[in-house]
There are 2 protein chains.
Amino acid sequence: MIKQECIDFLKSYLPFLKKMSFDDRQDFFNKAVLRNYATGEIISNNETCSGMIIVFKGQVRAFIGSKNGKQISIYRLLEGDVCVLSASCVMNNLTFDVTIETEKDSQIIVLPSEHFERFVKNNTFIKDYVLAIMSQRLSDALFLIEQTLFSSFDKRLADFILEQANIDGANVVKITQDTIANHLGTAREVVTRMMNYFENEGYIELFRGGYKIINDKALADIANL
Amino acid sequence: MIKQECIDFLKSYLPFLKKMSFDDRQDFFNKAVLRNYATGEIISNNETCSGMIIVFKGQVRAFIGSKNGKQISIYRLLEGDVCVLSASCVMNNLTFDVTIETEKDSQIIVLPSEHFERFVKNNTFIKDYVLAIMSQRLSDALFLIEQTLFSSFDKRLADFILEQANIDGANVVKITQDTIANHLGTAREVVTRMMNYFENEGYIELFRGGYKIINDKALADIANL
């Protein structure tokens with residue numbers, strides 16, 4: 001059973017808990033566990049099957065990787081965000097190779113697969129919730145297809161630079177150009193070229209291992225073109 | 001109420017019908033309607049909200065379009081295939097711009113939105129089914145991201161050439177290079193260049209408005225590289 005702090009946290013983020021019977025809710029808290037992950041650890045991939053995960057503290061991303069090491073982020077999870085792809089083994093028709101990895105040291109609440117499966121099977125409230133999450137992920141994936149195919153790279157990069165500053169809550173962001181390339185599904189050289197262009201235009205200032213936003217309005221204009 | 005032929009068809013393709021009560025099943029058949037569409041007609045897009053659709057006869061595709069007219073197919077629906085994105089208006093968190101369009105003259109069985117919504121809300125069997133379909137669509141979308149970003153275009157085109165012949169059940173396929181480009185999310189010139197290469201290698205023979213497969217083994221080798 002997870003500690004009271006986690007229970008309070010779950011109650012505030014998982015709307016279906018309120019609708020459940022007292023016994024079901026206690027069952028949920030009894031079966032959930034809290035796990036610690038260091039930065040860059042794999043929480044779930046094609047070979048593992050963690051179950052439903054909720055980010056208690058930290059930051060997580062889901063990505064697709066290619067055989068030759070290229071990556072692209074599908075979505076990112078912040079505090080209170082839920083991932084059900086990590087329970088894909090117990091979901092019919094989910095057959096793909098998504099990796100879930102921590103971006104910061106993280107504490108993750110996990111409802112292990114066998115219990116997740118039982119809840120989804122028997123509880124209509126959690127079933128509704130999983131359907132809503134799945135729809136959200138499908139929207140994210142379709143948006144990503146639209147972005148990668150039809151959006152020019154300056155727009156995508158400007159969007160990422162602002163989003164990352166927003167996540168970090170600061171206009172100075174420590175992130176390597178390799179990491180940005182892996183989020184955006186492209187080569188490091190492509191990121192470098194565009195970051196240098198943004199710097200020359202006075203939108204950002206580059207330093208080793210990161211950037212500082214100088215003109216967020218100009219970046220927002222590019223992102224929203 | 002749809003005709004008996006459609007009822008028999010639905011019974012063979014929709015596994016949840018068997019599990020429903022007699023009254024619910026009759027209600028489903030009573031509310032379903034059969035609609036005719038000509039080739040190239042839009043069944044559903046961001047502005048319309050048809051409900052759940054099942055292809056009775058014909059062929060349909062779901063695609064994303066860009067502002068400047070580029071397109072990419074997300075998935076294709078053949079006889080017996082079900083689409084729930086066409087009911088996105090009644091599904092929470094589904095916010096994207098997918099268009100559902102006929103590729104051939106088609107007969108489509110539709111369960112209109114308001115009834116679809118009611119069934120998904122109240123019936124656990126149809127809820128399970130929608131969750132399974134949604135997972136399948138998410139898998140399709142993630143596979144497409146992997147393909148478009150990490151797979152070289154010769155592989156994707158060889159795969160499409162073979163898949164299309166398979167759908168048509170013939171090694172002579174009537175399809176324009178513009179249409180292929182719209183399925184694969186690229187420019188017509190890119191398709192033309194690669195098709196000409198395939199022809200020079202003796203894999204296909206081009207004619208106005210289509211192609212004939214000459215060496216399916218070579219194409220399969222490229223597709224599976």
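## The surface of chain A

How much area does chain A expose, and what share of it do carbon and sulfur atoms supply? In this predicted model, the exposed area of chain A comes to about 10,300 Å². Carbon and sulfur atoms account for 46% of that area.

Charge is another way to look at chain A. There are 25 positive side chains and 29 negative ones. The centres of these two sets lie 2 Å apart.

## How chain A is built

Let us turn to the fold. Chain A contains 9 helices and 11 strands. Measured out along the principal axes, its C-alpha trace would fill a box, so to speak, of about 60 × 35 × 30 Å.

A compact globule of 225 residues would have a radius of gyration near 17 Å, and the 19 Å of chain A agrees with this. Of those 225 residues, 53% count as buried.

The contacts add to the picture. Take the pairs in chain A whose residues are at least 6 apart in sequence and in contact: 72% of these contacts join residues at least 24 apart.

## Two copies, one axis

Now for the partner chain. Two copies of a chain are related by a rotation about an axis and a shift along it. Here, a turn of 180° with a shift of 0.0 Å along the axis lays chain B on chain A, with an RMSD of 0.0 Å. That is the relation of a two-fold axis.

The same surface serves both copies. In numbers, 97% of the contact residues of chain B recur in chain A.

Key:
Residues are numbered from 1 along each chain as its sequence is written. Chains are lettered from A and ligands numbered from 1 in the order in which they are written. This is a predicted model: local features need pLDDT of at least 70, side-chain atom pairs count only at pLDDT 80 or more; totals for chains, interfaces and linings use all residues. Side-chain values use heavy atoms; hydrogens and water are left out. Copies are superposed by least squares on the C-alpha atoms of residues with pLDDT of at least 70 in both. Contact means heavy atoms within 4.5 Å. Helices (H or I, at least four residues) and strands (E, at least two) are DSSP runs, numbered from the N terminus. The radius of gyration is taken over C-alpha atoms; the globule rule is 2.2 Å times the number of residues to the power 0.38. Buried means under 20% relative accessible area, exposed over 50%, partly exposed in between (1.4 Å probe, protein chains only). Accessible areas come from the Shrake-Rupley method with a 1.4 Å probe; for residues, only the protein chains shown count as cover. Lys and Arg count as positive and Asp and Glu as negative; His and the chain ends are not counted. The place of a charge is taken as NZ of Lys, CZ of Arg, CG of Asp or CD of Glu.
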